[in-house]
Amino acid sequence: QVQLVESGGGSVQAGGSLRLSCAASGYSYCMGWFRQVPGTEREGVATISSDGSTSYAESVEGRFTISQDNAKSTLYLQMNSLKPEDTATYYCAADSRYDYCRLSRIYFRYWGQGTQVTVSS
């Protein structure tokens with residue numbers, strides 16, 4: 001079992017930046033960031049595999065960057081040019097059941113508790 005703990009959320013004005021971190025207790029082939037607004041489905045933001053391959057949701061492409069520090073077992077999400085529509089609870093996720101990453105919550109078994117990101121206009 002992998003335990004995940006997110007940090008780095010907060011409030012920022014539109015156009016600002018935040019960096020989220022996720023400390024993992026163990027190795028996972030695929031890790032990702034998801035976000036959720038109350039009353040809506042949890043949506044994929046970005047994924048990264050252990051070989052460094054990344055994928056992004058179209059809505060964040062070019063503004064967000066996912067990365068990982070394997071030595072520290074930490075996943076990051078650098079968020080730039082934030083928009084009010086980026087406001088959500090952000091979750092870190094991990095899984096090793098597949099030899100590929102998909103930007104869908106059904107492919108992830110382990111989840112963090114979430115961290116709130118609020119972007120004001």
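**Exercise 1.** Is Glu-43 buried, partly exposed or exposed? Classify the residue, then do likewise for its salt-bridge partner.

*Solution.* The model is predicted.
Step 1. The relative accessibility of Glu-43 is 36%. Buried requires under 20% and exposed requires over 50%, so Glu-43 counts as partly exposed.
Step 2. Glu-43 is joined to Arg-35 by a salt bridge, with 2.6 Å between the closest N and O atoms.
Step 3. For Arg-35 the relative accessibility is 5%, so this residue counts as buried. The pair therefore joins a partly exposed acid to a buried base.

**Exercise 2.** Determine where Arg-63 sits, what surrounds the residue, and which parts of the chain its salt bridge connects.

*Solution.*
Step 1. Arg-63 belongs to the loop between strand S6 (54-56) and S7.
Step 2. Its relative accessibility is 11%; because buried means under 20%, Arg-63 is buried.
Step 3. Not counting residues up to four places away in sequence, Arg-63 touches Gln-78, Met-79, Asn-80, Ser-81, Leu-82, Lys-83 and Asp-86.
Step 4. With one of these residues, Asp-86, the side chain of Arg-63 forms a salt bridge at 2.8 Å, N to O. Asp-86 lies in the loop between S8 and S9, so the pair ties together parts that are 23 residues apart in sequence. Both partners are buried.

**Exercise 3.** How many salt bridges does the structure hold, and which residues are linked in a network?

*Solution.*
Step 1. The structure holds five salt bridges.
Step 2. The network links Arg-35, Glu-43, Arg-63 and Asp-86.
Step 3. Another salt bridge pairs Arg-97 with Asp-95, their closest N and O atoms being 2.9 Å apart. Arg-97 has a relative accessible area of 41% and is partly exposed, whereas Asp-95, at 2%, is buried.

**Exercise 4.** Lay out the four-stranded sheet and find its edges.

*Solution.*
Step 1. The strand order is S1-S3-S8-S7, in an open sheet with antiparallel pairing.
Step 2. Strand S1 (4-7) and strand S7 (64-69) each pair on one side only, which makes them the edge strands.
Step 3. Neighbouring strands are turned by 15° against each other on average, direction ignored.
Step 4. At the S7 edge, S7 pairs with strand S8 (residues 74-79) over six bridges. Within this pairing, Ser-67 has Tyr-76 in S8 as its bridge partner.

**Exercise 5.** Describe the largest nonpolar core and place Leu-77 in it.

*Solution.*
Step 1. The core has 28 residues; those touching the most other members are Leu-4, Met-31, Trp-33, Leu-77, Met-79 and Tyr-90.
Step 2. Two or more residues come from each of several elements, including strand S3 (18-24), strand S4 (30-36), S7 and S8.
Step 3. Beyond four places in sequence, the contacts of Leu-77 include Leu-18, Leu-20, Trp-33, Val-45, Phe-64, Ile-66 and Tyr-90.
Step 4. Another core, of six residues, lies apart from this one; Cys-30, Phe-34, Cys-101 and Phe-108 are among its members.

**Exercise 6.** Where does Ala-57 lie, and which residues does Ala-57 contact beyond four places in sequence?

*Solution.*
Step 1. Ala-57 is found in the loop between S6 and S7.
Step 2. A relative accessible area of 14% makes Ala-57 buried.
Step 3. Its contacts beyond four places in sequence are Gly-44, Val-45 and Leu-103.
Step 4. The C-alpha atom of Ala-57 is 8.7 Å from that of Glu-43, the two residues being 14 residues apart along the chain.

How values were computed:
Residues numbered from 1 in each chain as written. Predicted model: local features only at pLDDT ≥ 70, side-chain atom pairs only at ≥ 80, totals over all residues. Heavy atoms only, no water. Pairing = 2+ DSSP bridges. Axes fitted to C-alpha atoms, helices over the stretch in contact; angles between N-to-C directions. Buried < 20%, exposed > 50% of the residue type's maximum accessible area, 1.4 Å probe, protein only. Contact = heavy atoms within 4.5 Å. Core = buried A, V, L, I, M, F, W, Y, C linked by side-chain atoms within 4.5 Å. Salt bridge = Lys/Arg side-chain N within 4 Å of Asp/Glu carboxyl O.
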